[in-house]
Amino acid sequence: MIVFELICGDRHRFEGWFASAGDFERQKRRGLLSCPVCNDSSIEKLLTAKIGRTEAEAPAEKKQPAAPPTLPEKLRDMIDAILLNTEDVGREFPEEARRIHRKEAPERSIRGVATGEETHDLLDEGIAVMPLPIPPREDWH
Ligand SMILES: [Zn+2]
């Protein structure tokens with residue numbers, strides 16, 4: 001998202017949110033933009049623009065997948081739910097995931113240990129695996 005500072009013919013300033021710079025032009029051409037104060041539709045954008053939170057237009061090389069140092073509570077809840085609803089197959093995980101994928105083993109949700117390379121291979125084979133940002137521990141049931 002991009003936030004533009006907009007200004008109407010009567011010099012009222014307000015903010016508009018747009019998917020992209022082109023989105024502003026399209027909405028303006030179709031007369032969809034109007035001043036919230038006086039309803040004037042001759043809207044211009046000021047030169048300041050802020051990039052919103054979605055980073056949709058951020059350059060790809062700046063995106064770095066970094067795990068947060070502490071897990072947000074929602075994520076912990078999600079992980080708890082996964083742990084309660086999956087069968088721990090430990091180091092057998094990559095093989096068991098393949099067996100389930102080939103329907104050689106009963107279909108169920110499993111969790112276990114896989115190296116980054118094994119995870120990558122499974123994804124390549126079209127097997128849905130989701131890395132969890134938690135270290136394996138021995139005391140999970
Ligand atoms: Zn106005």
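Let's start at the metal: the zinc ion has a tetrahedral site, with angles of 105 to 112° among its 4 donor atoms. Four donors count as tetrahedral if all angles lie between 85 and 135 degrees. For comparison, the ideal angle for four tetrahedral donors is 109.5 degrees. The model is predicted, so local features need pLDDT of at least 70 and side-chain atom pairs count only at pLDDT 80 or more, while totals for chains, interfaces and linings use all residues. Residues are numbered from 1 along each chain as its sequence is written, and side-chain values use heavy atoms, leaving out hydrogens and water.

Which residues hold the zinc ion? The protein donors (N, O and S atoms within 2.8 Å of the metal, or 3.2 Å for Na, K and Ca) are Cys8 (SG), His12 (ND1), Cys35 (SG) and Cys38 (SG), 2.0 to 2.4 Å from the ion. Along the chain, their spacing reads C-x3-H-x22-C-x2-C. His12, in the loop between strand S1 (2-7) and strand S2 (13-18), and Cys35, in the loop between helix H1 (21-29) and strand S3 (44-51), link distant parts of the chain, 23 residues apart. Here helices (H or I, at least four residues) and strands (E, at least two) are DSSP runs, numbered from the N terminus.

Cys35 is buried, with a relative accessible area of 1%, whereas His12 is partly exposed at 24%. Buried means under 20% relative accessible area, exposed over 50%, and partly exposed in between (1.4 Å probe, protein chains only).

Cys8 and Cys35 also belong to the largest nonpolar core, which has 10 residues, including Phe4, Phe18 and Leu33. Such a core is a set of buried Ala, Val, Leu, Ile, Met, Phe, Trp, Tyr and Cys residues joined through side-chain atoms within 4.5 Å. S1 gives the most to this core, with 3 residues.

Terms used:
Four donors count as tetrahedral if all angles lie between 85 and 135 degrees; four count as square planar and six as octahedral if opposite donors are over 155 degrees apart and all others between 65 and 115; anything else is irregular.
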